[in-house]
Protein chains: 2
Amino acid sequence: MTTPADAADEHLVFREYLDAVGLQGLASAEAAGLHTSEWYALSLITREGSLSSGELASRTGLTTGATTRLIDRLEQAGYARRAADPNDRRRVIVEPVPDALDRIEEVVGPARRHIAEILARYTSEQRALLFDYFRHAAPAFRAATEEIRTTTSSPGGKKTTRARSSR
Amino acid sequence: MTTPADAADEHLVFREYLDAVGLQGLASAEAAGLHTSEWYALSLITREGSLSSGELASRTGLTTGATTRLIDRLEQAGYARRAADPNDRRRVIVEPVPDALDRIEEVVGPARRHIAEILARYTSEQRALLFDYFRHAAPAFRAATEEIRTTTSSPGGKKTTRARSSR
DNA sequence: AAAGTTATCTGCATGCATGCAGATACTGCG
DNA sequence: CGCAGTATCTGCATGCATGCAGATAACTTT
């Protein structure tokens with residue numbers, strides 16, 4: 001039965017929470033040597049298992065050229081690797097390097113430890129509820145991310161540096 | 001009574017949650033036209049109320065020169081403004097522009113809406129618990145951020161472009 | 001009031017992600 | 001087999017955040 005004052009408070013609390021988590025993510029990414037595009041791409045190929053270069057381009061919203069360089073960086077950093085598509089030798093399949101995810105786990109370590117301390121003060125039932133929230137919130141955040149990205153980026157359509165059919 | 005299997009599951013769930021939230025933050029920042037340093041700086045001055053240019057430099061880990069440009073960008077984007085320090089006319093005090101925070105609220109809107117849907121499915125008591133978590137987790141994430149930043153950045157000490165006293 | 005110290009700003013250079021356009025390699029259809 | 005379409009890569013150019021070092025202004029001490 002939240003009173004209006006509580007509602008405003010909840011608003012602020014959530015705002016600060018988002019800010020803090022986002023900042024932590026940013027710091028982790030920086031520590032891992034990952035920029036926005038790289039993190040996004042790595043998250044994509046990790047969740048999908050693997051993606052072709054072109055698919056990665058359209059999902060990230062980058063041109064195919066920029067995506068090639070993006071894959072170069074991910075590969076050089078050891079987070080991903082190129083593989084050949086047996087059915088179509090033009091295509092390049094990008095997949096995450098398993099060990100690399102452990103390296104990311106390292107940079108996320110501080111956050112995990114600090115949060116573990118917080119979680120330790122709750123009962124098992126309460127923890128279960130929190131993890132239930134985490135489980136449901138993750139897709140919600142991903143949906144929000146997509147919404148933001150599609151709203152922001154020009155809907156005109158990506159230049160994909162395709163062979164110019166005109167002429 | 002979490003079984004080992006559950007523990008591993010919790011690990012993964014939390015990992016995905018962090019990834020999703022971080023990505024959302026990244027997308028929001030991009031939509032707001034804020035880069036890492038800018039977001040961090042804006043978060044700092046918002047929480048502190050105001051900060052001098054030099055303090056901002058040391059807190060962000062940037063040189064004073066880079067901080068000047070950082071403030072330029074924040075000011076031009078309308079997120080912050082410069083104010084004079086009445087006690088020391090050399091100093092520049094940076095403070096957030098109140099209205100600007102509303103603009104950030106906009107880009108965070110999608111996340112807030114999606115999460116609101118999730119939260120709506122819990123009881124008041126459960127929501128209270130979740131917000132209790134948010135309240136405690138925010139400082140924990142900030143601590144983790146500091147830990148990551150200080151661990152990563154070279155501990156040698158920042159070049160602050162100060163008058164080189166040494167010779 | 002002169003000298004030294006401190007706070008911020010500015011010019012220059014660098015590194016880097018990205019877009020664009022052409023190049024290359026491969027597929028599939030006729 | 002040849003040709004059109006497709007997937008990825010590469011060279012060039014651009015924009016931008018940052019570091020570095022000097023410049024400027026203001027405070028502090030004696």
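**Exercises: DNA strand C and helix H3 of chain B**

In this predicted model, a polar side-chain atom of A:Ser37 sits 2.3 Å from a phosphate oxygen of DNA strand C.

**Exercise 1.** Work out which other chain A residues have polar atoms by a phosphate oxygen of DNA strand C.

*Solution.* Start with side chains: an N or O atom of the A:Arg73 side chain is 2.7 Å from a phosphate oxygen of DNA strand C. Next, check the backbone: a polar backbone atom of A:Thr63 lies 3.3 Å from a phosphate oxygen of that strand.

**Exercise 2.** Describe the protein surface near DNA strand C, using a 4 Å cut-off.

*Solution.* Begin with the residues: there are 26 around the strand, and A:Ser37, A:Arg73, A:Arg90, B:Gly54 and B:Arg90 come nearest. On the DNA side, sugar and phosphate make up 58% of the strand's atoms within 4 Å of the protein. Now sort the surface residues by type: 11 are charged, 11 polar and four nonpolar. Finally, look at the helices: H4 of chain A, plus H3 and H4 of chain B, each bring at least two residues. H4(B) gives the most, with four.

**Exercise 3.** Find the buried residues of H3(B) and decide how they are arranged around the axis.

*Solution.* First, list them: B:Ser53, B:Leu56, B:Ala57 and B:Thr60 are the buried residues of this helix, which runs over residues 53–60. They span an arc of only 105 degrees around the axis, so they lie on the same side of H3(B). Then look at their partners in chain B: these buried residues pack against helices H2, H4 and H6 and strands E1 and E3. Last, step just past the helix: B:Gly61 has a positive phi of about 85 degrees.

Terms used. Residues numbered from 1 in each chain as written. Chains lettered and ligands numbered in written order. Predicted model: local features only at pLDDT ≥ 70, side-chain atom pairs only at ≥ 80, totals over all residues. Heavy atoms only, no water. Buried < 20%, exposed > 50% of the residue type's maximum accessible area, 1.4 Å probe, protein only. Arc of directions from axis to C-beta. Contact = heavy atoms within 4.5 Å. Near = heavy atom within 4 Å. Polar contact = N/O pair within 3.5 Å; in protein donor to acceptor, adjacent residues only side chain to side chain. Nonpolar A, V, L, I, M, F, W, Y, C, P; charged D, E, K, R; others polar.
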